[in-house]
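Student: I would like to go through this structure and ask how each label is earned.
Tutor: Go ahead.

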Amino acid sequence: MRLMFCGDVVGRSGRDAIAAHLPVLKKDLSLDFVVVNGENAASGFGMTEKICNQFFEAGADVVTGGNHSWDQRECISYIEREPRLLRPMNFPEGTPGKGAAVFDAPGNRKVLVMNAMARLFMDPLDDPFAAVRKIMDRVKIGHNVDAVILDFHGEATSEKVAMGHYLDGKASLVVGTHTHIPTADHQILVGGTAFQTDAGMTGDYDSVIGMNKEVPVQRFLKKMPTERMRPADGEATLCGIFVETDDETGLARRVEPVRVGGRLSQMVPAVQG
Ligand code: FE2
């Protein structure tokens, strides 16, 4: 199975990159299943029904969230109507929506997608490791699901790496999001799980993590209120990770970074068939 995960889409330039590049990648890489993190897609803060539909039309199968999941209030009701939109599973009990679900993929296959939020330098939420374990107790990759993907939304590299090892051999892909900077550590862990500490953002890299650079720089220079931060509007780089899984085990056979458009060095995996 061929999977792709696209990192945090920031603002209009990020949305344009998804619309322009995702349909092409889906075809050229023969992708079976695509997950997009959309929590910064609406002017950097949250997402909307219209934006999620644009992602689904471009080829996304599931849209994940994070600490900005509720920044656009319409998502609080929208998530109850749209099973393909996830929010972190370790939000408090009673929170609308779901943090994990099994989705259909071509060829009668099943993909479990989970979205969890890390805790170091983040909001004090329930233990994400326990939340993941609770789901994984009922799931066996290669038996009742064909692939497992976790979007682990967090600040600290250590916590994200630890989650990768925690799920090693149980998931097809554990990928970090939230820092908006792609890491170069994509690898297949010893147990067969593809891992990358952070997928990076799908946004304009002539920016401070997606935002127009002047205002954030001023915030570091002077401890004074500044004008509102706005997403940078130059051409975005679609950043993500491509994983090919073994059809028997559901574990990773190949992992490659994806970077298309914009300022970052370009990288599209060569695939056959
Ligand atoms: Fe975030």
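Student: What makes Cys 6 too far from the closest cysteine sulfur for a bond?
Tutor: This is a predicted model. A disulfide needs two cysteine sulfur atoms within 2.5 Å. The closest cysteine sulfur to that of Cys 6 belongs to Cys 239 and is 9.3 Å away, so no bond is assigned.

Student: Which cysteine sulfur is nearest to that of Cys 52?
Tutor: That of Cys 75, at 5.5 Å, and Cys 52 is in no disulfide. By the 2.5 Å rule, the count of disulfides comes to zero.

Student: Why is Cys 6 called buried?
Tutor: Buried means under 20% relative accessible area. Cys 6 has 0% relative accessibility, so the label applies. Cys 52 also has 0% and therefore counts as buried.

Student: How much of the protein counts as buried?
Tutor: By that cut-off, 56% of its 273 residues. The protein exposes about 12100 Å², and carbon and sulfur atoms supply 51% of that area.

Student: How do you know that the radius of gyration agrees with a compact globule?
Tutor: For 273 residues the globule rule gives a value near 19 Å; the protein has 17 Å, which agrees. Its C-alpha trace spans about 55 × 45 × 35 Å along the principal axes.

Student: What does the secondary structure come to?
Tutor: Six helices and 11 strands. Among contacts with a separation of 6 or more, 62% come from residues 24 or more positions apart.

Student: How far apart are the mean positions of the positive and negative charges?
Tutor: They are 2 Å apart, taken over 30 positive and 36 negative charges.

Methods. Residues are numbered from 1 along each chain as its sequence is written. This is a predicted model: local features need pLDDT of at least 70, side-chain atom pairs count only at pLDDT 80 or more; totals for chains, interfaces and linings use all residues. Side-chain values use heavy atoms; hydrogens and water are left out. Buried means under 20% relative accessible area, exposed over 50%, partly exposed in between (1.4 Å probe, protein chains only). Helices (H or I, at least four residues) and strands (E, at least two) are DSSP runs, numbered from the N terminus. The radius of gyration is taken over C-alpha atoms; the globule rule is 2.2 Å times the number of residues to the power 0.38. Contact means heavy atoms within 4.5 Å. Accessible areas come from the Shrake-Rupley method with a 1.4 Å probe; for residues, only the protein chains shown count as cover. Lys and Arg count as positive and Asp and Glu as negative; His and the chain ends are not counted. The place of a charge is taken as NZ of Lys, CZ of Arg, CG of Asp or CD of Glu.
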